[in-house]
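Student: I have a structure open and would like to learn how to read it. Could you walk me through some of its features?

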Amino acid sequence: MLRYTIKRLISLFISLAVASIVIFAVIEIAPGDPASFMLGMNAQPETLAALRAELGLDVPKVQRYLTWVGGMLSGDFGTSYTYRTPVMDMISDRLWVSLPLALYALVLSTALAFPAGIYAASRRGQAGDIGVMGATQLGVAVPNFWFAMMLVLIFAINLRWFAAGGFVGWDKGLWAGLHALTLPAIALALPQAAILARVMRSSLLDVLGEDFMRTARAKGLTARQALWRHGLRNALIPVLTIIGLQFSFLLAGSIIIEQVFYLPGLGRLVFQSISARDLIVVESVVMLLVFSVITVNFLVDLAYAAVDPRLRSRT
Amino acid sequence: MNLLEITNLSLSIHALKILRDVTLSVAPGEIVAVTGESGSGKSLTALATMQLLPKGAELSGHIMLGDQDLTELTEAQLCEIRGNDVGMVFQEPMTALNPVQTIGAQVAETIRVHHRDVSRQEAEARAAETLARVGLPQDRFPLSRYPHELSGGQRQRVVIAMAIALRPRLLIADEPTTALDVTTQAQILALLKKLAQEDGMGLLMITHDLAVVADMADRIIVMRHGEVVEQGETRSLLQNMRHPYTKMLFEASGHRVSLPEPPPPQPLLEVRNVIRDYRLPRTSLFGHPGHFRAVNDVSFTIQRGERLGLVGESGCGKSTLTRALLGLEQVQGGSITLNGAPVFSGTRPNLDVRRQMQVVFQDPFGSFNPRHRVDRLITEPFHLLHDPPQGADRTRAIDEALTAVGLTHKDASKYIHEFSGGQRQRIAIARALIIRPELILFDEAVSALDVSVRAQILDLLADLCGAYDLTYLFISHDLSVVRTVTDRVLVMKSGEIVEQGQTEDVFERPAHTYTQSLIAAAPVLPQFEQARA
């Protein structure tokens, strides 16, 4: 297991290094130089020159790359051109909203999907299965912003249980923060839960057809015992893969939900900085997202090995 | 009183009749074999006894275990009986165990699920005892092993341990050795027999292979199309077979064909000192990866018109050697030439040589594209030719190949799912024949077939040898088949050819100890003097 972990860690660092080179190179080969791109067509030559100097475009590329990476490692992501504040501060503010929101949504979606998937699989072809599958079909088809609007209508406007939007900040206490994130988390979680429940169901059905499930029944286990003791853990691998993918999506892909609920999250930051051509912010946020995706993949790999002994011994 | 008494058992699944009036019994300590070909209902008889039938199954008749009628019990009562009074062993040891649980946990589970008051430690101690009993002692096979760390035979021992942990009165074994090598098969059969004797346990053994049970079963039950056609005490049943189906099964099991005399020797395929290494995964980041030598310094020659056999157990390198012969993989040493030309050139198969070789695989169900018609399937080797026959020539070639294997030109426009396993294997042979190759490789080509179908395919091979002067390499783990369809045989073990010679000489007077043990382990039908009717 230790050897496996070390191997995965090495591959994590290699992926990060390659990703940073690719991101840097893509920004470099954008037409014109980054400075003229950021300032647009009608830039004054003096402003352009000033920005070039600020971005350090006059030094060689390799040196610039190393400065950039070195800066990120020491927590210095540069200064936003548009807002004139350190990028680090902007990102960490937003991350305090986006990361809890993503985790909250992920927990909700898993909590919904597991029981639904297991229930449907254990009643294959019966009314319960058809009902759950119909609901998940809807969940996959209906966009999350529609759920968001419905949630606002019902729980914020009619019932007045929640605020319609905005974020109070964590200094008002954990409960207040979670309360404010509940509606957006549900809106994000519903479509994800629908997908996850379908994956859970089909993966479990595959496992239920395996020979060892019949062996378990021959030992005297009831159908339910066999499902919980032998089926579930074997069915988890594809489910873990989807959970990993979903987390990455939830972290950065929630821009529409952030708009609907007026949340100051990462998605909006990306959108705003792209519109403002603030390459410094874009570059940093993309790198951060890549980092989080690769880290989540690493955690998913460790989870695979925890679930399946065959992966552990394959070193 | 009998332990198991099945009377007038009929079974249908979604209105399809599977079993008709099956009546059989097993006494305590008795070994009863149920035999028959695929579709005879033998496996479903076993599953019906376990009451583990697929959904939609409708059952009538009685299955008495002692004084309980299993067909009238509730699911909860049945769960009490399964594993406790009746244990079951399945065919496929590779998939019958849960891959993510240790063998100790899986054996202990049988105990814990029936005796809630037994502590985990005690259940594990009893699991260790049971594993030792089936030949997996704790010093070499601790409870913490996972199934993937064991061989097929060892896994089957674990499955047996799970089934007998609570010393059930009845053990049902459904083709317990079909997926195993002959020497492993002999060990597992001996183990089952020993356990039945020691515990006075009734053993109901399901098998397609009469020879496997002939010297072990007390009684034999022959089934066909869901009905019992004949049953009786083993020796008397084999001496006076009354039903024509039993006679046919018996004859087909030991079916012999006569091959035409091979032409005078003239080398066709020459294999010289071939070595095939596989790279093993690196064990450390900067260390050199290790190698596994799958084929070690193998040399032999196939003469034109010769029928050569290659036998050996799984993992001996047969399949690796086959791939190397076909030029599908590069060898790390030695040379393989057909008519003097190498089978592998540079980084790819030498197509000039490749079009002179064809192969017939084991699985008649997986080796065809289900969306193509037969004419397209069997003309696939034409892709290897520079100017494949077109139009009327192509049609003629298809007709000829189909006729040669006993099918008709009408079959050309059908899809593969319309054919039985035996017919599919005929189509596979037609596909190999159609470009008139110099050499055909049969890779376990009859291993998946029922004995009666296998006999027909062997007859077909013998006929084709006469009509087409075939040269082939027949690779199989089944010694009795190799014995009848080859002139010469190679015995392979751990990547090396340990013995080669004229087939009859090798079988009559095996020189190498490994060959001797293989032949000793291979089940054979006893030859009784047949009583005259």
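Student: Is the crossing of helix 6 of chain A and helix 8 of chain A left-handed or right-handed?

Tutor: That crossing is left-handed. Keep in mind throughout that this is a predicted model. Helix 6 covers residues 127–141 of chain A, helix 8 covers residues 174–208, and their axes are 8 Å apart at an angle of about 135°.

Student: What does the angle tell me about how helix 6 of chain A and helix 8 of chain A lie to each other?

Tutor: Angles over 145 degrees would count as roughly antiparallel, and 65 to 115 as roughly perpendicular. With an angle of about 135°, helix 6 and helix 8 of chain A are therefore oblique to each other.

Student: Which residues make the contact of helix 6 of chain A and helix 8 of chain A?

Tutor: Helix 6 of chain A brings A:V132, A:T136, A:G139 and A:V140. From helix 8 of chain A come A:L190, A:P191, A:A193, A:A194, A:I195, A:A197 and A:R198. Sorted by class, this contact of helix 6 with helix 8 of chain A has 8 nonpolar, 2 polar and 1 charged residues.

Student: Let me step back to the whole chain. How many helices and strands does chain A have?

Tutor: Chain A has 14 helices and 0 strands, so to read its elements from the N terminus you simply go from α to α. Its C-alpha trace spans about 80 × 55 × 35 Å along the principal axes.

Student: How much of chain A is buried?

Tutor: A residue counts as buried if 20 or more other C-beta atoms lie within 10 Å of its own. In chain A, 34% of the 315 residues are buried. You can also look at contacts along the sequence: of those in chain A with a separation of 6 or more, 69% join residues 24 or more positions apart.

Student: What does UniProt list as "transmembrane region" in chain A?

Tutor: The unreviewed entry gives residues 12–31, 101–121, 142–162, 174–197, 235–257 and 285–307 of chain A. A good habit is to set such a record beside the model. Residues 101–121 of chain A are 100% helix, with end C-alpha atoms 30 Å apart. Residues 285–307 of chain A are also 100% helix, and their end C-alpha atoms lie 33 Å apart.

Student: Where in chain A does UniProt place "domain: ABC transmembrane type-1"?

Tutor: UniProt places that feature, from an unreviewed entry, at residues 95–300 of chain A. In the model this span is 82% helix and 0% strand, and its end C-alpha atoms lie 21 Å apart.

Student: Now for the place where the chains meet. How many residues of chain B are in contact with chain A?

Tutor: There, 25 residues of chain B are in contact with 19 residues of chain A. To read the chain B side, ask which elements supply it: helix 2 (75–81), helix 3 and helix 5 (152–164) each give at least two residues. Helix 3 of chain B gives the most, with 4 residues. By class, the side of chain B that touches chain A has 14 nonpolar, 7 polar and 4 charged residues.

Student: How does helix 3 of chain B cross helix 4 of chain B?

Tutor: Helix 3 (residues 103–114) and helix 4 (residues 120–133) of chain B have axes that come within 8 Å and cross at roughly 115°. These two helices of chain B are therefore roughly perpendicular to each other, and their crossing is right-handed. On the helix 3 side the contact is made by B:G104, B:V107, B:A108, B:I111 and B:R112, and the helix 4 residues include B:A123 and B:L131. The residues of this contact of helix 3 with helix 4 of chain B divide into 6 nonpolar, 2 polar and 3 charged.

Student: What does UniProt say about domains in chain B?

Tutor: The annotation "domain: ABC transporter", from an unreviewed entry, covers residues 4–250 and 269–519 of chain B. Over residues 4–250, chain B is 37% helix and 26% strand.

Student: Last, how do I read a single residue? Is B:Q527 buried or exposed?

Tutor: Count its neighbours: B:Q527 has 8 other C-beta atoms within 10 Å, so this residue is exposed. B:Q527 sits in the segment after helix 18 (513–521) of chain B. For another case, B:Q356 has 19 C-beta neighbours inside 10 Å and counts as partly exposed. B:Q356 lies in the loop between helix 11 (351–354) and strand 18 (357–360) of chain B.

Notes: Residues are numbered from 1 along each chain as its sequence is written. Chains are lettered from A and ligands numbered from 1 in the order in which they are written. This is a predicted model: local features need pLDDT of at least 70, side-chain atom pairs count only at pLDDT 80 or more; totals for chains, interfaces and linings use all residues. Axes are lines fitted to C-alpha atoms, for helices over the stretch in contact, and angles run from 0 to 180 degrees between N-to-C directions. Angles under 35 degrees count as roughly parallel, over 145 as roughly antiparallel, 65 to 115 as roughly perpendicular and the rest as oblique. A crossing is left-handed if the near helix is turned anticlockwise from the far one by less than a right angle, and right-handed if clockwise. Two residues are in contact if their C-beta atoms, placed from the backbone, lie within 7 Å. Ala, Val, Leu, Ile, Met, Phe, Trp, Tyr, Cys and Pro count as nonpolar, Asp, Glu, Lys and Arg as charged, and the others, Gly among them, as polar. UniProt positions are given in the numbering used here, feature names are shortened, and annotations may be inferred rather than shown by experiment. A residue is buried if 20 or more other C-beta atoms lie within 10 Å of its own, exposed if 12 or fewer, and partly exposed in between; C-beta atoms are placed from the backbone.
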